Amino acid sequence: MVLQTVTGLFVLTMLSGMPISFAIGVTALGGILVMQGIPLVVIPQKMFIGTDAFPLLAIPLFVLGGDLMLKGEITSGLLRFADLVVGRIRGGLAHATIFSCMIFAGITGSAVADASAIGSVMIPSMHRAGYPKNYAAAVTAAASIMGPIIPPSLVMVFFSLVTGASVGGLFMGGVVPGVLIAGSLMTINYVNSRRHGYQRRENRYSWRETITICRDSVLVLLMPLIIVGGILGGIFTATEAAGVGVTYALLVGFFILRTLKLRDLPEMLMNTAKVTSVVLLLLATTNVLSWIVTMENVPQLTLAFFTRISKDPRVFLLLVNALFLFTGCIIDTAPAIFLLVPIFAPVAKGYGIDLIHFGIIVTVNLCIGLLTPPVGSCIFIGSSLAKISIEELLRPLWPFLIAEVAILFLITYYTPTVMFLPRLLGY
Amino acid sequence: MIRRLIRYADRALYWTIVLQVAVMALVVNLQVFNRYVVNYVFGWEEETARYLMVWSSFLAAAYALRSGEQLGMQFVVRLLPGRVQRVVRIACHATVMIFLGVVAYQGLFVMIPQQLDQVSPSLGITMAIPYAAVPISAAMLLGVESLLLLEAWRGQETAMAAAPIEI
């Protein structure tokens with residue numbers, strides 16, 4: 001009875017267009033009313049407890065750090081460095097976009113930050129260099145999903161918060177899949193560039209120019225080393241790394257490049273609070289619903305349901321991938337993690353799947369969802385930066401999307417791609 | 001007069017949030033500094049940062065709701081005819097208001113009195129202070145929702161953010 005009410009209310013409120021966190025809150029309220037004998041005060045209590053966690057501080061800190069780097073134009077050095085490394089390959093500027101997204105993913109934990117930081121500069125310059133607008137936007141969107149796959153990653157922080165899996169282990173697990181995605185995108189771009197005649201960079205850089213570019217990019221290239229290195233070396237936690245990143249961006253922006261202005265700061269801080277509030281409110285209400293779902297033994301019921309279909313973990317992973325890909329199309333990454341992972345992580349454990357492996361599969365899967373309509377943040381950003389419609393952007397996006405789904409299945413079924421690095425480092 | 005009061009309150013809230021986020025970022029860095037330079041983590045750093053995050057986010061939730069950043073799945077509702085859409089929107093806002101009302105009432109009159117005697121482990125403040133963020137935010141969201149309900153009643157569609165905010 002409780003489960004039927006909860007499911008019914010959930011579907012109804014979600015379809016009605018209610019903000020997701022409220023839809024989940026209303027569903028939880030309905031569930032508690034049906035359960036009877038539960039005091040309503042558990043709702044605000046669980047809402048507070050769900051948000052009062054140190055790892056969550058990574059959200060505002062990574063958002064603020066990304067904003068500071070964008071406004072402080074710290075990324076421009078990175079873009080020229082990328083052009084230096086891969087610009088001479090055919091389709092060079094698009095390769096440079098993919099390469100920059102990969103490096104920037106080592107600074108930010110979010111795909112949206114990756115898309116806006118790289119895309120705001122690279123989409124116009126690709127367009128000037130003769131690439132069609134929709135191709136430029138599609139390349140950027142497809143590459144930006146490396147943001148949460150290559151460490152640091154907010155999606156993995158959420159996953160670790162919900163399941164207790166080690167953040168360091170998850171971060172390490174994301175490295176190889178991220179690089180594989182970069183490689184596959186660059187391959188497709190190379191083939192496309194041959195077919196459509198996109199050019200490479202004609203001039204060679206002299207030694208002097210090479211040195212200047214390297215020197216200018218040192219400031220930004222140091223960041224992934226500090227952040228990822230610091231976390232993996234056990235010097236600081238993911239949250240502290242995000243905090244150190246903020247300080248670094250502030251110092252570089254104010255004192256070295258002098259691109260940041262004091263009067264821009266309040267608006268950035270306010271924006272940080274707003275972005276965080278969306279996730280925190282969601283976590284707050286989801287925590288109430290998750291409590292009901294656990295009280296009603298949903299994880300056990302789900303495990304029983306899947307083992308009746310097949311005892312083979314490979315079949316389970318296939319079904320889970322299909323379900324998560326579908327979910328990723330209609331809801332955003334954070335709600336998908338908070339809603340589905342508490343139910344499916346125990347099931348995956350029941351099948352003997354390592355939580356780190358499962359976490360990476362879920363992360364890559366849901367990030368692909370950022371590229372699919374009707375709800376896909378990265379294609380929204382790409383289309384608004386290039387000032388084209390979503391439909392126009394989707395046409396050149398397909399090959400990239402298919403390649404990313406292929407990588408998803410590769411990392412799902414060939415475990416060493418994910419687990420080699422975490423195992424090497426003893427996770 | 002009232003309009004001016006609202007503007008002052010709005011400004012005060014804005015700067016409260018800005019200050020909270022700034023101090024929060026500072027405290028996290030201080031924690032790293034204390035661990036490696038002072039060689040001693042006091043323990044209040046983590047708690048302070050956490051409570052500041054909770055408070056700033058719950059306060060900012062009302063701003064985010066007002067500027068249309070709290071997104072739902074709009075694409076199904078959009079398929080409905082205009083008049084039905086309006087009814088659905090009104091029903092949604094009313095339902096959300098009931099939920100927020102429960103959170104605000106239960107939070108302020110049941111949860112806060114319960115938490116008054118609880119003391120936070122390292123700061124030693126009453127747990128009612130951090131907990132209060134939830135019902136106070138719910139009350140503010142209730143205010144915004146009633147405005148949105150009024151707009152939906154008059155048939156104005158709420159302004160939507162150009163791009164959804166997401167991680």
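## A buried serine in a loop

Let's start in chain B, where Ser120(B) sits in the loop between α4 and α5 (128-131). Keep in mind that this is a predicted model. Is Ser120(B) buried or exposed? Its relative accessible area is 2%, and buried means under 20%, so Ser120(B) counts as buried.

What does the side chain of Ser120(B) reach? One partner is the backbone nitrogen of Leu123(B), at 3.5 Å. Another is the backbone nitrogen of Gly124(B), which lies 3.1 Å from a polar atom of the serine side chain. If you set aside neighbours within four places in sequence, Ser120(B) is also in contact with Glu47(B), Tyr51(B), Ile125(B) and Met127(B).

## Where chain A meets chain B

Now look at two helices from separate chains: α2 of chain A, residues 20-35, and α4 of chain B, residues 82-115. They pack at an angle of about 65 degrees, and their axes are 10 Å apart. Angles of 65 to 115 degrees count as roughly perpendicular, so that is the label for α2(A) and α4(B). Their crossing is left-handed.

Which residues do the touching? From α2(A) come Phe22(A), Gly25(A), Val26(A) and Leu29(A). On the α4(B) side they meet Thr95(B), Val96(B), Phe99(B), Leu100(B) and Val102(B). Sort the residues of this contact by type and you get seven nonpolar, two polar and no charged. It's handy to remember that an α-helix has 3.6 residues a turn, so residues three or four places apart point the same way.

## Two helices that cross within chain A

Chain A has a helix pair of its own to look at: α18 (residues 377-386) and α19 (residues 390-413). The angle here is about 110 degrees, with the axes 9 Å apart. That makes α18(A) and α19(A) roughly perpendicular to each other, because the angle falls between 65 and 115 degrees. Their crossing is right-handed.

On the α18(A) side, the contact is made by Ile379(A), Phe380(A), Gly382(A) and Ser383(A). The α19(A) side brings in Ile390(A), Leu393(A), Leu394(A) and Leu397(A). By type, the residues of this contact are six nonpolar, two polar and no charged.

## How enclosed is α18(A)?

How many of the 10 residues of α18(A) are buried? Seven are, so this helix is largely enclosed by the rest of the structure. The buried ones are Ser377(A), Cys378(A), Ile379(A), Ile381(A), Gly382(A), Ser383(A) and Ala386(A). They pack against α7 (111-128), α8 and α19 of chain A. After α18(A) comes Lys387(A), whose phi is positive, near 55 degrees.

## A buried threonine and a partly exposed valine

Helix α8 of chain A (residues 133-144) is home to Thr140(A). With a relative accessibility of 2%, Thr140(A) counts as buried. Its side chain reaches the backbone oxygen of Ala136(A) at 2.8 Å. Not counting residues up to four places away in sequence, Thr140(A) touches Thr97(A), Cys101(A), Ala115(A), Gly119(A), Ile123(A) and Met126(A).

Last stop: Val11(A), in helix α1 (residues 2-15) of chain A. Its relative accessible area is 42%, so Val11(A) is partly exposed. Where is Ala23(A) relative to Val11(A)? The two are 12 residues apart along the chain, and their C-alpha atoms are separated by 8.9 Å.

How values were computed
Residues numbered from 1 in each chain as written. Chains lettered and ligands numbered in written order. Predicted model: local features only at pLDDT ≥ 70, side-chain atom pairs only at ≥ 80, totals over all residues. Heavy atoms only, no water. Axes fitted to C-alpha atoms, helices over the stretch in contact; angles between N-to-C directions. Helix = DSSP H or I, 4+ residues; strand = E, 2+ residues; numbered from the N terminus. Parallel < 35°, antiparallel > 145°, perpendicular 65-115°, else oblique. Left-handed = near helix turned anticlockwise from the far one by under 90°. Contact = heavy atoms within 4.5 Å. Nonpolar A, V, L, I, M, F, W, Y, C, P; charged D, E, K, R; others polar. Buried < 20%, exposed > 50% of the residue type's maximum accessible area, 1.4 Å probe, protein only. Polar contact = N/O pair within 3.5 Å; in protein donor to acceptor, adjacent residues only side chain to side chain.
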